[in-house]
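Please look at the sequence and the three-dimensional model together before reading on. The paragraphs below are intended to guide a first reading of both.

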Amino acid sequence: MRILLTGAAGFIGTATWRGLVTDGHDVVAVDLLVPEAHGVATRDDPPAGLHVLDVREASAWGDLFQGVDVVVHLAAMVGAGVTAADLPLYAGHNDLGTAAVLAAMHAANVDRFVQASSMVVYGEGRYTCPEHDTQSPGPRTREALDAGTFDTPCPVCGGPLDWALVGEDAALDPRSSYAVSKVAQEGYAGAWVRQAPGAAVSLRYHNVYGPGMPRDTPYSGVAAMFRSSLERGEPPTVFEDGTQMRDFVHVDDVARANLAAVRAVVGLEPATHRAYNVASGHPIAIADVARHVAAGSGRDVEPRITGQYRIGDVRHVVASPARARDEIGFTAQVTPEDGLARFATAPLRA
Ligand code: UD1
């Protein structure tokens, strides 16, 4: 197939580009080379024949959609949003960018769309109370966090909650500017499939890590930060009490998920939009992420658990990988133990 890939020079884009080409596809690679997302690539040079353009500019596309079967849209501002001043960045690159790509596809009669979404659309994960079944706690207060109360209580009885796997039908509850923009992207895809008509798949990636990840910027995920601390000879700094749960999914598995979504989206009925979690299926506490990266670096260091917190962080969020396995045949192959240990010495972007 001929696939137009936006964000092709990025961390996930480069791995996806390689996966699509290896699978025999003809890939039209597009990227704006936004500095926050890029730095200097060290694992791979940007894809051959990369078209450097801003997806928001209709006139920039020329005839790039000619013969395209599927668009895989990864181009986005990433990270959680560092300050309120970042709001227009997310709204511009992510919300408007997606709307503009969908309009350009419509103009060119391209009707299959795969989009990079995120676990952040869920906000807090799923929780159960032994007495009151499934509960959706609201954001944590500064007062509770300052007091070192990191776990959210049951909103009904105030008792402790257990975390559980989040399925795709959970209510969306975005908590950051980035999360809001990811919900918007999914919303535009849903509107477009009906209007165009077309078919779309949104992939809700969990915490992605692996070779080519951007080094330690305020927009980087925690795995890169742990690695940078170790390289400086310092212990990784773990916020809260380190027992907050996530799922760390290797970038090569994310590339496999994107390929699975490309294959699936061509078989969908028009006016269909499906969302899938992309997770390793091995939930992990953040302190253990630090320990695995430390082990891989060959340094016998215990993480420093600080009790610090970032306002807006969710406590636990862990996705169920079941629907992606059952409907698009995606199962992650890299375990966090292996992948995070190898990540300790993998090349990063400067
Ligand atoms: C991350 C991404 C988000 C992505 C989501 C997918 C970033 C900044 N956030 O959110 O864009 O969509 O995964 O699920 O890329 N922590 C430390 N020490 C640090 C930094 C963070 O302990 O130095 C902790 C945080 O408090 C948090 C956890 O590590 O509990 C994960 O943080 P982070 O990597 O920023 O990821 P998410 O908030 O899960």
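The following paragraphs treat the ligand, a pocket, several individual residues and the unusual backbone angles in turn.

This is a predicted model, in which local features need pLDDT of at least 70 and side-chain atom pairs count only at pLDDT 80 or more, while totals for chains, interfaces and linings use all residues. Residues are numbered from 1 along each chain as its sequence is written, and side-chain values use heavy atoms, with hydrogens and water left out.

We begin with the ligand. Which residues come nearest to the ligand? They are Ser-118, Val-222, Arg-246, Arg-310 and Asp-313, out of 23 residues around the ligand; a residue is counted as near when one of its heavy atoms lies within 4 Å. By character, this shell divides into 12 nonpolar, 8 polar and 3 charged residues. In this division, Ala, Val, Leu, Ile, Met, Phe, Trp, Tyr, Cys and Pro count as nonpolar, Asp, Glu, Lys and Arg as charged, and the others, Gly among them, as polar.

Polar contacts to the ligand can then be examined (a polar contact is a pair of N or O atoms within 3.5 Å; within protein, one must be able to donate a hydrogen and the other to accept it, and residues adjacent in sequence count only if both atoms are side-chain atoms). An N or O atom in the side chain of Ser-118 is 2.5 Å from an oxygen atom of the ligand. The side chain of Arg-310 likewise has an N or O atom 2.7 Å from a ligand oxygen atom. For Phe-239, it is a backbone N or O atom that lies 2.7 Å from an oxygen atom of the ligand. The ligand taken alone exposes 730 Å², and the protein buries 90% of that; these accessible areas come from the Shrake-Rupley method with a 1.4 Å probe, and for residues only the protein chains shown count as cover. Two elements, α6 (222-231) and β11 (237-238), give two or more residues to the shell around the ligand. Helices (H or I, at least four residues) and strands (E, at least two) are DSSP runs, numbered from the N terminus. Helix α6 gives the most to this shell, with 3 residues.

We turn next to a pocket. The second largest pocket has a volume of about 220 Å³. Among the 16 residues that line this pocket, Glu-124, Gly-125, Ser-136, Ala-170 and Ala-171 are the closest to its centre. On a 1 Å grid over the protein atoms alone, a pocket is an open set of points with protein on both sides within 12 Å along at least five of seven lines, and lining residues have an atom within 4 Å of a point; the probe has a radius setting of 1.4 Å. Grid points are joined across faces, edges and corners, and a volume is the space filled by probe spheres set on the points. Strands β6 (126-129) and β7 (133-135) each supply at least two residues of the lining. The lining of this pocket divides into 7 nonpolar, 5 polar and 4 charged residues.

Several residues in helices and loops deserve individual attention. Is Gln-185 buried or exposed? Gln-185, found in helix α5 (residues 177-195), counts as buried because its relative accessibility is 1%; buried means under 20% relative accessible area, exposed over 50%, and partly exposed in between (1.4 Å probe, protein chains only). The side chain of Gln-185 reaches the backbone oxygen of Asn-94 at 3.4 Å. Arg-323 belongs to helix α9 (residues 322-328) and is buried, with a relative accessible area of 17%. A polar atom of the Arg-323 side chain lies 3.3 Å from the backbone oxygen of Ala-275. Ser-220, in the loop between β10 (207-209) and α6, counts as buried at 11% relative accessibility. Ser-220 and Met-77 are 143 residues apart in sequence, and their C-alpha atoms are 11 Å apart in space. Ala-91, by contrast, is partly exposed at 38% and is found in helix α3 (residues 87-107).

The last topic is the backbone. Most residues other than glycine have a negative phi, and most peptide bonds are trans. Leu-33, in the loop between β2 (26-31) and α2 (35-38), has a positive phi of about 55 degrees although it is not a glycine. Leu-33 is partly exposed, with a relative accessible area of 36%. Asp-133, found in strand β7, also has a positive phi of about 55 degrees, and it is exposed, with a relative accessible area of 58%. Finally, a cis peptide bond with omega of about -10 degrees joins Ala-196 and Pro-197, and Pro-197 is found in the loop between α5 and β9 (199-205).
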